[in-house]
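Visitor: I should like to learn how to read the features of a structure. May we go through one together?

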Amino acid sequence: SSGINAEWPLRPGQTVTTKNVRSQTTSDTSTQMTKTGCWVSDRQDKVIIPGQYVTADEKFSYMLKQVIVLQSYFRRWKAQKYVNSIRQDHIRRIEWEKKKEKSTDCDSALIPLL
């Protein structure tokens, strides 16, 4: 016994053939420079000036601050909505109590005293 099991099933995922495929052409872009006998105008050229470099930590910190601001606006809106609903309920309750008081005054006036 050599220790190798010849009947051991090989799965297709264990032996995968790979291919080398070039996905880019040899010349993606090209530029033309002014040289003797060929003049290229630079009137349409854009001058790009780099801005301030932002690290990933700085960007994350900025985004976190903006999320906190957005959350505070949302919580404020939700609280205002809740307070307005409580205010409307209170106003309705006061109106209902006034109507109830008027109706009891009218009912007591209708009941004859014995």
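Visitor: How many residues apart in helix α1 are D89 and R92?

Guide: Helices are DSSP runs of H or I with at least four residues, strands are runs of E with at least two, and both are numbered from the N terminus. D89 and R92 are three residues apart in helix α1, and therefore about one helical turn separates them. Please note that this is a predicted model, in which local features need pLDDT of at least 70 and side-chain atom pairs count only at pLDDT 80 or more, while totals for chains, interfaces and linings use all residues. Residues are numbered from 1 along each chain as its sequence is written, and side-chain values use heavy atoms, with hydrogens and water left out.

Visitor: What is the secondary structure of the chain?

Guide: The chain has one helix and zero strands. Helix α1 covers residues 56–110.

Visitor: Which side chains meet D89 and E97 in salt bridges?

Guide: Side chains of opposite charge can pair when their charged atoms come close. A salt bridge is counted when a side-chain nitrogen of Lys or Arg lies within 4 Å of a carboxyl oxygen of Asp or Glu. The whole structure contains two salt bridges. D89 meets R92 at 2.8 Å, N to O, and E97 meets R93 at 2.9 Å, N to O. E97 and R93 are four residues apart in helix α1, so about one helical turn lies between them.

Visitor: How is the exposure of these residues described?

Guide: Buried means under 20% relative accessible area, exposed means over 50%, and partly exposed lies in between (1.4 Å probe, protein chains only). D89 is partly exposed at 43%, E97 is partly exposed at 35%, and R93 is partly exposed at 47%. In the chain of 114 residues, buried residues make up 0%.

Visitor: Which residues form an aromatic pair?

Guide: Rings of Phe, Tyr and Trp (its six-membered ring) pair if their centres lie within 6.5 Å; planes under 30 degrees apart count as stacked, over 60 as edge-to-face and the rest as tilted. By this rule there is one aromatic pair. F74 and W77 form it, tilted, at 5.8 Å centre to centre with 35 degrees between the planes. The two residues are three apart in helix α1, so about one helical turn separates F74 from W77. F74 is partly exposed at 47% relative accessible area, and W77 is partly exposed at 47% as well.

Visitor: What is the pLDDT over residues 10–14?

Guide: pLDDT is the predictor's confidence in each residue, from 0 to 100. Where pLDDT is low, the predicted coordinates should not be read in detail. Over residues 10–14 pLDDT stays under 50, and the model has one contact there beyond four places in sequence; contact means heavy atoms within 4.5 Å. The chain averages a pLDDT of 80, and 66% of the residues score at least 70.
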